[in-house]
Amino acid sequence: MDWTNKRVFVAGHRGMVGSAMVRRLTTGGYTHILTRTRAELDLMDRAAVREFFECARPQLVVDAAARVGGIAANHSFPVEFFLQNATIQNNLLEAAADFGVEKFLFLGSSCIYPKLAPQPIREDALLTGPLEPTNEAYALAKIGGIRLAQYYARQYGRTFLSAMPTNLYGPGDNYDLQSSHVLPALIRKTHEARVAGLPEIVVWGSGTPRREFLHADDLADACAFLLEHYDSPEIVNVGCGEDVTIRELAEHVCEALDYRGELVFDRSKPDGTPRKLLDVSKLTRLGWQPRIGLREGIATAYQWFCEHVAEAP
Ligand code: GDP
């Protein structure tokens with residue numbers, strides 16, 4: 001089957017994941033990549049989404065459109081994280097079903113799993129226990145998306161897949177310290193401390209939580225792989241299979257940026273879930289593996305930061 005002739009709509013193509021997806025599809029030879037900016041198509045607007053699907057007739061959809069953020073943003077804005085994610089995914093899934101989309105790839109998150117799920121987390125841990133409170137709203141919205149995709153598969157025979165990526169980073173990441181995830185936050189803090197000659201950087205929490213990090217280009221590659229090789233509504237974890245403590249992550253960043261100051265831990269900030277390492281054996285068995293290691297990934301993320309954030313006018 002030649003997938004590259006299909007009309008593929010990448011929802012959220014200006015985000016970190018969506019832009020990585022467009023890069024991956026382009027280098028993979030896809031010739032009909034459809035994108036719409038928010039000004040052109042408001043994904044919160046059900047009628048507009050339906051009109052777009054009716055006219056553009058995408059055959060494949062990758063749903064990379066989401067309201068995302070780090071621990072502080074998730075904790076502070078549960079209403080927006082729940083409503084925007086639920087609305088966007090409902091609009092896209094419904095329109096995809098009604099206008100004949102052949103394959104839909106929904107992107108969830110590793111935070112859909114119970115806070116204290118056995119590690120590494122297998123796909124069947126979904127809905128087996130309480131969620132981590134700091135990102136419950138986002139997780140509940142994403143669980144709704146997974147289930148809706150599965151209901152469409154069961155009730156209407158749709159080929160709607162769901163992938164669960166671990167913590168992501170890469171070009172196009174959010175570097176705003178209030179709303180970002182940990183890795184871009186540490187890159188920014190370390191860069192600014194080095195430039196200003198400051199003796200320390202502040203790391204939120206205790207430094208002991210463990211997180212797994214995947215480069216957005218690896219995720220995009222996994223998504224293309226799943227689109228081309230996977231048909232089941234059963235969810236698939238996407239990660240690298242290794243995690244680090246937040247302290248170790250901070251040390252990696254300091255090393256990559258050649259910063260010799262101290263790490264200070266601000267324990268008034270939440271740690272969030274103690275550990276979030278995905279069991280990626282299902283995807284490995286299917287035949288996919290990541291390529292970008294954390295050290296190399298941090299270096300390329302820092303390069304992007306320097307070009308687009310630090311030196312931006
Ligand atoms: P999470 O994986 O949903 O918890 O999201 P984050 O990426 O925001 O946070 C991961 C872990 O890194 C948490 O334990 C945070 O407390 C910790 N962390 C340490 N420093 C920072 C920081 O400057 N920003 C953020 N967002 N998290 C930090």
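This is a short tour of the structure, stop by stop.

The model is predicted: local features need pLDDT of at least 70, side-chain atom pairs count only at pLDDT 80 or more, and totals for chains, interfaces and linings use all residues. Residues are numbered from 1 along each chain as its sequence is written, and side-chain values use heavy atoms, with hydrogens and water left out.

**Stop 1: the ligand**

Select the ligand and the residues near it (a heavy atom within 4 Å). You should find 17 residues around the ligand. The closest are Ile71, Lys189, Arg211, Pro270 and Asp271. By class, the shell holds eight nonpolar, five polar and four charged residues. Here Ala, Val, Leu, Ile, Met, Phe, Trp, Tyr, Cys and Pro count as nonpolar, Asp, Glu, Lys and Arg as charged, and the others, Gly among them, as polar.

Now look for polar contacts, which are pairs of N or O atoms within 3.5 Å; within protein, one atom must be able to donate a hydrogen and the other to accept it, and residues adjacent in sequence count only if both atoms are side-chain atoms. Start at lysine 189: a polar atom of its side chain is 2.6 Å from a ligand oxygen. Move to arginine 211, where an N or O atom of the side chain lies 2.8 Å from an oxygen of the ligand. At aspartate 271, turn on the backbone: a polar atom there sits 2.6 Å from a ligand oxygen. How much of the ligand's accessible area does the protein cover? It covers 98% of the 530 Å² that the ligand has on its own. Accessible areas come from the Shrake-Rupley method with a 1.4 Å probe; for residues, only the protein chains shown count as cover.

Colour by helix and strand next. Helices (H or I, at least four residues) and strands (E, at least two) are DSSP runs, numbered from the N terminus. α6 (182-196) and β7 (200-204) each supply at least two residues of the ligand shell. α6 gives the most, with three residues.

**Stop 2: a three-strand sheet**

Select β11, β8 and β13. They form an open sheet in that order, with mixed pairing; strands pair if DSSP finds at least two bridges between them. β11 (244-245) and β13 (275-276) are the edges, each with a single partner strand, so one side of each has no neighbour in the sheet. β8 (residues 210-211) runs parallel to β13, joined by two bridges. Arginine 210 stands opposite arginine 275 in β13.

Add aspartate 243, in the loop between β10 (236-238) and β11. Is aspartate 243 buried or exposed? It is buried, with a relative accessible area of 12%; buried means under 20%, exposed over 50%, and partly exposed in between (1.4 Å probe, protein chains only). Its side chain makes polar contacts with those of two arginines: 3.2 Å to arginine 210 and 2.7 Å to arginine 275.

**Stop 3: the largest nonpolar core**

Select Phe9, Leu43, Phe53, Leu92 and Tyr113. They have the most contacts inside the largest nonpolar core, which has 42 residues. Such a core is a set of buried Ala, Val, Leu, Ile, Met, Phe, Trp, Tyr and Cys residues joined through side-chain atoms within 4.5 Å. Elements that each supply at least two residues of this core include β1 (7-11), α2 (46-56) and α4 (78-98). α4 gives the most, with seven residues.

**Stop 4: two last residues**

Go to leucine 283 in helix α9 (residues 281-286). Leucine 283 is buried, at 1% relative accessible area. Its C-alpha is 7.0 Å from that of valine 238, 45 residues away along the chain.

Finish at tyrosine 230, in the loop between α7 (216-229) and β10. Tyrosine 230 is buried too, at 8%.
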